[in-house]
Amino acid sequence: MSHDLQIWIDGELRPLAHASTGPLANGLHYGTGVFEGIRAYRTDAGARVFRLDAHLERMKRGADVLGMAFEPDRFAAGTLQTLAANNLLDAYIRPISYYEHGGIGLDTAPLRPRGMIATLPWTTHLGDAAVARGLKLHTTTWRRTPATSLPPLKLCGNYVNSIIAKREATLAGADEALFADASGFVCECTGENVFMVKAGRVTAVRHPDALSGITRATLIELLGCDDRAVTLDELRGADEIFVTGTSAEVTRIASLDGRDLGDSPATREIAALYQAVVHGKTELHRGWLFG
Ligand code: PMP
């Protein structure tokens, strides 16, 4: 990663090489932080950030759980400032607010957060080749952290659950892990929500332990599709499966637990529609673009 990259830290831009976190940062020890994953796209009018407001509202909900002060407007301005300082059009944006100062105790009262925003040149997180051929999905033996233990928000520590499930999937030769609950209902993937298509009908999988994805909400609004609980058995009988996320966008699933899915004509159409929207090609949805 380029050390010339400018990072926003508590309101100031600094080169990455001059940015560091102390070894006794509370967030480092316990994952006491909240982050977002946001995309900027090259549009005819320049760089535009997709649904920046919704991402920072979700981040605020995570900060509230941790009792952490967080100002969405300050992070919104910081995001646009950092994007411009790094001269980026297609970018991945990673804001994070974590407890840096105040010790390694478990009481949040003495803790003070540090805010950081990185804007990185865009590269696919799931891998170009995997996205192009469609993902091999593996149902993991791990359970998603239940919402009754940790709210499904982008709290840093919650992602250890995703990471160990992903590790199991990649060791099994798959690209991504699918979480199902003990009753056989589909939850989500490690960083994506799940959709299926059956007999031309699109369904967004709903689960109380899954992150309320902004891409998912975007597609439900665009498609007016079903939004309901789905069992693993029902998913296994789908004609098409796709996963959605800020990074994954709309990504086709090529196989589930070794069973190949066929061609994905509906997924291809939905992916194209999403690309048109995020790149500002549809008049109706320009309000989702910030910059
Ligand atoms: N689930 C999890 C666990 C995630 O980390 C993400 C990525 N933020 C998603 C779903 C998709 O959410 P979004 O569409 O808001 O990026």
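A molecule is taken to sit in a pocket if more than half of its atoms lie within 2 Å of the grid points of that pocket. By this criterion, in the predicted model examined here, the ligand sits in the largest pocket.

The largest pocket has a volume of about 560 Å³, and its lining is made up of 29 residues, among which Lys154, Tyr159, Thr190, Gly191 and Ser247 lie nearest the centre. Two or more lining residues are contributed by each of helix 2 (52-65), strand 6 (91-101), helix 5 (159-171), helix 6 and strand 14, with helix 5 providing the largest share, namely four residues. In composition, the lining of the largest pocket divides into 13 polar, eight nonpolar and eight charged residues.

Around the ligand itself, a shell of 16 residues is found, of which Lys154, Tyr159, Glu188, Thr215 and Thr246 are the closest. At least two residues of this shell are supplied by helix 6 (214-223), and at least two likewise by strand 14 (240-245). The shell around the ligand comprises eight polar, five charged and three nonpolar residues.

Polar contacts between the ligand and protein side chains involve both oxygen and nitrogen atoms of the ligand. A polar atom in the side chain of Tyr159 lies 2.5 Å from a ligand oxygen atom, and an N or O atom in the side chain of Arg58 is placed 2.8 Å from an oxygen atom of the ligand. For Glu188, the corresponding contact is made with a nitrogen atom of the ligand, at a distance of 2.6 Å from an N or O atom of the side chain. Of the 390 Å² that the ligand exposes when taken alone, 96% is buried by the protein.

Notes
Residues numbered from 1 in each chain as written. Predicted model: local features only at pLDDT ≥ 70, side-chain atom pairs only at ≥ 80, totals over all residues. Heavy atoms only, no water. Near = heavy atom within 4 Å. Polar contact = N/O pair within 3.5 Å; in protein donor to acceptor, adjacent residues only side chain to side chain. Areas by Shrake-Rupley, 256 points an atom, 1.4 Å probe, with all protein chains shown as cover. 1 Å grid on protein atoms, 1.4 Å probe; cavity = no way out; pocket = protein on both sides within 12 Å on 5 of 7 lines; lining within 4 Å. Nonpolar A, V, L, I, M, F, W, Y, C, P; charged D, E, K, R; others polar. Points joined across faces, edges and corners; volume = space filled by probe spheres on them.
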